[in-house]
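Here are a few short exercises to work through with the model open in your viewer. Try each task yourself, then compare your reasoning with the solution.

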Amino acid sequence: MKSKILDAVGISAAVLCLIHCIVFPLLLIVPLGISHNPYIDLTFLCIGAVVVFRITKKMENRWLKLLFWISIGLISVSILTDFLFEVHIPLIYVGAAGLITGHIINFKNHKHSEHD
């Protein structure tokens, strides 16, 4: 898959994850009968991990690679904590912001050609 498409998918998934993580707690305040489902977070994590794996597989920039994997790690810890202890910790926000930042940097630094 083209690198620019992976960056677009990664940015989209990370932004949707961040929106979900910010808006969902506000929806819990409104009595609509909605409950938190950590499987939604896990779905975003799986999408993000696949995209990060594909992007970083041949990446030479170690700092950017580290940013991607630390971000995935933070999201993973947050989701695992949610599954084990039913506690939603803010590491997921930092991880999602890190993924968005990483994808934007990668997109800007990578020379995207028609044949990429």
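**Exercise 1. Read off the order of elements from the N terminus on, and say how many helices and strands there are.**

Solution. Walking from the N terminus, the elements run α-α-α-α. The count for this predicted model is therefore 4 helices and 0 strands. As for burial, 33% of the 116 residues are buried. Now turn to contacts between residues at least 6 apart in sequence: 65% of these join residues at least 24 apart.

**Exercise 2. Determine how the axes of helix α3 and helix α4 are arranged.**

Solution. Begin with the ranges: α3 covers residues 62-85 and α4 covers residues 91-109. Their axes come within 8 Å and cross at roughly 155 degrees. Angles over 145 degrees count as roughly antiparallel, so α3 is roughly antiparallel to α4. The crossing of α3 and α4 is left-handed.

Next, look at who meets whom. The α3 side of the contact includes L64, L67, F68, S71 and I72, while the α4 side includes L91, I92, V94, G95 and A96. Sorted by type, the residues of the contact of α3 with α4 divide into 14 nonpolar, 8 polar and no charged.

**Exercise 3. Find the largest nonpolar core and say which helix supplies the largest share of it.**

Solution. This core has 15 residues, and those with the most contacts inside it are I55, F68, I75 and L99. To see where the core comes from, note that α1 (3-29), α2 (38-56), α3 and α4 each supply at least two of its residues. The largest share, 5 residues, comes from α3.

Now zoom in on I55. Not counting residues up to four places away in sequence, I55 touches L6, D7, F68, H103 and N106.

**Exercise 4. Classify S78, I79 and W69 as buried, partly exposed or exposed, and list their contacts beyond four places in sequence.**

Solution. Take S78 in helix α3. Its relative accessible area is 1%. The cut-off for buried is under 20%, so S78 is buried. Beyond its neighbours within four places in sequence, S78 is in contact with V87, I89, L91 and I92.

I79 is in helix α3 too. With a relative accessible area of 3%, I79 is buried. Outside four places in sequence, I79 is in contact with D41, L42, L45 and I92. For a distance to check in your viewer, the C-alpha atoms of I79 and L91 are separated by 9.1 Å, and these residues are 12 apart along the chain.

W69 also sits in helix α3. Its relative accessible area is 35%, so W69 is partly exposed. Leaving aside neighbours within four places, W69 is in contact with A49, V52, F53 and T56. Another distance to try is W69 to G98: C-alpha to C-alpha they are 9.3 Å apart, with their positions 29 residues apart in sequence.

**Exercise 5. Where does E86 lie, and is E86 buried or exposed?**

Solution. First, place the residue: E86 lies in the loop between α3 and α4. Then check its accessibility: the value is 72%, so E86 counts as exposed. Finally, inspect the backbone: phi of E86 is near 55 degrees, a positive value in a residue other than glycine.

Key. Residues are numbered from 1 along each chain as its sequence is written. This is a predicted model: local features need pLDDT of at least 70, side-chain atom pairs count only at pLDDT 80 or more; totals for chains, interfaces and linings use all residues. Side-chain values use heavy atoms; hydrogens and water are left out. Axes are lines fitted to C-alpha atoms, for helices over the stretch in contact, and angles run from 0 to 180 degrees between N-to-C directions. Angles under 35 degrees count as roughly parallel, over 145 as roughly antiparallel, 65 to 115 as roughly perpendicular and the rest as oblique. A crossing is left-handed if the near helix is turned anticlockwise from the far one by less than a right angle, and right-handed if clockwise. Contact means heavy atoms within 4.5 Å. Ala, Val, Leu, Ile, Met, Phe, Trp, Tyr, Cys and Pro count as nonpolar, Asp, Glu, Lys and Arg as charged, and the others, Gly among them, as polar. A nonpolar core is a set of buried Ala, Val, Leu, Ile, Met, Phe, Trp, Tyr and Cys residues joined through side-chain atoms within 4.5 Å. Buried means under 20% relative accessible area, exposed over 50%, partly exposed in between (1.4 Å probe, protein chains only).
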